[in-house]
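Colleague: I would like a close look at one part of this model. Please pick a place where two helices meet, and then set it in the whole chain.

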Amino acid sequence: MSSSKALVLTAPRTLAFEESAFAPLGSEEVRIRTLFSGISAGTELTQYRGTNPFMHRRFDEAQRLFVDAEVPSWDWPVRNLGYEESGEIIEVGSGIADLKVGQRLFGTWNHKTHHVATAEYARDRLLPEGADPRIGIFSHIGAVALNGVHDAQIRIGDTIAVFGLGVPGQIVVQAARASGARVIAIDPDAARRDIALRHGAHLAIEPAGAAEEIKRLTGGRGADACIEVSGAPPALGEAIRAAAYNARVVAMGFFQGAIPGLKLGEEFHHNRIQLICSQISGVAPDASYRWSKPRLWRSAIELQHDGTLDLIPLITHRAPFADAPKLFDQLDQGAPGMLQAMLEFGA
């Protein structure tokens, strides 16, 4: 093969493939063949549906403000779909002595068959020897979850309530358990609650009446921290209600548009709740001298490889790259039982 194929979004819910010929490899570059690519149900679906704020407004980096603009930050066609890849080196530049064909790595290079990276990029993202390459698709979403756990400032023995049991919520459950917390998982989907119970949650309950149940289970105190991962406004409201006095509520979900119905004059105000946003563009500020995004990526891989996190069972749906539009449609429609969707690129 001497060309690469990439998935692009040409309009909301409209996908196409773009093909390009291989460019000559630089002396300090490697060519990677993609093995697997995960599709996220958060950021990527906001792109697919055309609701992501970057597609309607421009983000002013200097002011860190979204501002009105004729051309948004992400114009059409959108070419940055996909941020959870694993692959294999198939060609090495003439100036590289320490990397070889066949080595496997993880990273972010979008949904496409091939990628050219610098040697430095590849060295920092090599998978452990003998590792299942599928763990590579959890490097970024795993980092997102670990970042949220760090933002919750968990102490051993804490009661942690996790609202939303999609892929990042399931990873948060496992990581919070591994941090020594007693974990209560909340989701309306019984199958997702069962998965959480099999992989780390001490208890799983439905959202209706969750705050009252968590107060009862903690002798009236409430959760030491609540982590909201669904991006659903009612879940954020219930997380605020379920938190102990002056406790943290970490908002990891990607909320779309305005949020009606939040009653901030009730528990939020009277219980002095600390509402913390967790977003992977920045690590927990108090840990920023020690932690970085690359360390989070690497940790998400190593914690899987040593068995602390067991994420492969979260892969519920897979499809060949050629069927990517069908898999996106299934994710968009909320196919029953779907957690992690994964594209396979074959030999």
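Modeller: What follows starts with a helix pair and then widens to the chain and two of its residues. Keep in mind that the model is predicted.

Take helix 6 and helix 7. Helix 6 covers residues 210–217, and helix 7 covers residues 233–242. How do their axes run? They come within 8 Å and cross at roughly 25°. Angles under 35 degrees count as roughly parallel. The two helices are therefore roughly parallel to each other. The crossing also has a hand: helix 6 passes helix 7 in a right-handed crossing.

Which residues make the contact? Helix 6 supplies Ala-210, Ala-211, Glu-212, Ile-214 and Lys-215. Helix 7 supplies Glu-238, Arg-241 and Ala-242. Sort the residues of this contact by type. Four are nonpolar and four are charged, while no polar residue takes part.

Now step back to the chain. It holds ten helices and 16 strands. Is its overall size that of a compact globule, or not? The chain has 347 residues, so a compact globule would have a radius of gyration near 20 Å. The chain has 21 Å, which agrees. Along the principal axes, its C-alpha atoms fill a box of roughly 65 × 50 × 40 Å. Of the 347 residues, 51% count as buried. Look at contacts with a separation of 6 or more: residues 24 or more positions apart account for 65% of them.

Next, single residues. Thr-159 sits in strand 9, which spans residues 159–163. Is Thr-159 buried or exposed? Its relative accessibility is 8%, so Thr-159 counts as buried; the cut-off for buried is under 20%. Leave out residues up to four places away in sequence, and Thr-159 touches Arg-182, Ile-184, Thr-218, Arg-221, Ala-223, Asp-224 and Ala-225.

Ala-122 belongs to helix 2, residues 119–124. Its relative accessibility is 0%, so Ala-122 counts as buried. What does Ala-122 touch, again leaving out residues up to four places away in sequence? The answer is Val-30, Leu-99 and Leu-105. Finally, try a distance across the model. Ala-122 and Glu-267 are 145 residues apart along the chain. Their C-alpha atoms are separated by 48 Å.

Terms used: Residues numbered from 1 in each chain as written. Predicted model: local features only at pLDDT ≥ 70, side-chain atom pairs only at ≥ 80, totals over all residues. Heavy atoms only, no water. Axes fitted to C-alpha atoms, helices over the stretch in contact; angles between N-to-C directions. Helix = DSSP H or I, 4+ residues; strand = E, 2+ residues; numbered from the N terminus. Parallel < 35°, antiparallel > 145°, perpendicular 65-115°, else oblique. Left-handed = near helix turned anticlockwise from the far one by under 90°. Contact = heavy atoms within 4.5 Å. Nonpolar A, V, L, I, M, F, W, Y, C, P; charged D, E, K, R; others polar. Rg over C-alpha atoms; globule rule 2.2 N^0.38 Å. Buried < 20%, exposed > 50% of the residue type's maximum accessible area, 1.4 Å probe, protein only.
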